[in-house]
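Student: I would like a close look at the pockets of this model, together with the helices and salt bridges around them. Please treat the topic in one connected account.

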Amino acid sequence: MPEIPNRIVVLTGATRGIGRAIAHRLAELGHTVIGCGRSRPGVAEISSSLGEPHRFDTVDVGLWPEVEAWAEAVLSETSPPGQLINNAGINNRNARLWEISSEGFGRVLDTNVDGNAKVIRA
């Protein structure tokens with residue numbers, strides 16, 4: 001199998017679950033991971049775990065001002081990423097759709113759908 005060159009990879013939802021596993025695997029493969037998550041303690045933990053040259057920031061991808069500021073900071077300090085993995089996502093409690101508030105459902109859409117677009121645009 002041909003070797004993949006080391007690159008900068010942007011990863012959203014990097015602090016838990018699949019995103020955390022992806023971050024660790026990418027680092028093991030020699031890639032530089034620029035990641036984000038909503039959990040400040042989660043960001044601190046993965047930052048400590050992987051260290052430099054990786055970078056992790058607290059960002060809610062559902063909020064354009066946070067995404068825009070993060071993208072500007074990252075792009076001012078690194079070369080453009082070679083890959084983007086939009087992994088961030090949330091879900092509502094297990095309930096029927098009509099039992100979930102409009103605000104709760106809107107938050108899922110803001111993160112899981114529009115959040116991807118926000119990160120790509122930024």
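Tutor: The account below takes the two pockets in turn, then a helix and the salt bridges.

The model is predicted, and side-chain atom pairs are counted only at pLDDT 80 or more. Rolling a probe the size of a water molecule over the atoms shows where empty space is left.

The largest pocket encloses about 370 Å³ of space. Its lining consists of 17 residues, and those nearest the centre are Gly13, Thr15, Arg16, Arg38 and Gly89. By class, this lining comprises six nonpolar, nine polar and two charged residues. Helix H1 and strand S2 (32-37) each contribute at least two residues to the lining of the largest pocket. H1 gives the most, with three residues.

The second largest pocket has a volume of about 210 Å³. Its lining holds twelve nonpolar residues, with no polar and no charged ones. The lining is made up of Val10, Ile34, Val67, Trp70, Ala71, Val74, Leu75, Pro81, Leu84, Val119, Ile120 and Ala122. Helix H3 and helix H4 (102-121) each supply at least two residues of this lining. H3 gives the most to the second largest pocket, with five residues. An α-helix has 3.6 residues a turn, so residues three or four places apart point the same way.

H4 deserves a separate description. This helix has a kink of about 50°, centred on Asp114. The buried residues in H4 are Gly104, Val108, Thr111, Gly115, Lys118 and Val119. Val119 thus appears both among the buried residues of H4 and in the lining of the second largest pocket. The cover over the buried residues of H4 includes strand S1 (8-12), H3 and strand S4 (83-85).

The helices H1 and H3, which contribute to the linings of the largest pocket and the second largest pocket respectively, also take part in salt bridges. The count of salt bridges comes to seven. One of them joins Glu45 to Arg20, with the closest N and O atoms 2.4 Å apart. Glu45 belongs to helix H2 (residues 40-50) and Arg20 to helix H1 (residues 17-28), so this pair ties together parts that are 25 residues apart in sequence. Glu45 counts as partly exposed because its relative accessibility is 37%. Arg20 is also partly exposed, at 24% relative accessibility.

A second salt bridge forms between the side chains of Arg55 and Glu77, at 2.5 Å from N to O. Arg55 is placed in strand S3 (residues 55-58) and Glu77 in helix H3 (residues 64-77), so the pair ties together parts that are 22 residues apart in sequence. Glu77 has a relative accessibility of 56% and therefore counts as exposed. Arg55 and Glu77 are also linked with Asp57 in a network of salt bridges.

Another salt bridge connects Arg96 with Glu99, where the closest N and O atoms are 3.1 Å apart. Arg96 counts as partly exposed, at 48% relative accessibility. Glu99 is partly exposed as well, with a relative accessible area of 37%.

To return to the pockets, the lining of the largest pocket includes nine polar and two charged residues, whereas that of the second largest pocket has no polar and no charged residues. H3 links several parts of this account: H3 gives five residues to the lining of the second largest pocket, is part of what covers the buried residues of H4, and holds Glu77, the partner of Arg55.

Note on methods. Residues numbered from 1 in each chain as written. Predicted model: local features only at pLDDT ≥ 70, side-chain atom pairs only at ≥ 80, totals over all residues. Heavy atoms only, no water. Salt bridge = Lys/Arg side-chain N within 4 Å of Asp/Glu carboxyl O. Helix = DSSP H or I, 4+ residues; strand = E, 2+ residues; numbered from the N terminus. Buried < 20%, exposed > 50% of the residue type's maximum accessible area, 1.4 Å probe, protein only. 1 Å grid on protein atoms, 1.4 Å probe; cavity = no way out; pocket = protein on both sides within 12 Å on 5 of 7 lines; lining within 4 Å. Points joined across faces, edges and corners; volume = space filled by probe spheres on them. Nonpolar A, V, L, I, M, F, W, Y, C, P; charged D, E, K, R; others polar. Bend = angle between axes of the 7 residues up to and from the residue. Contact = heavy atoms within 4.5 Å.
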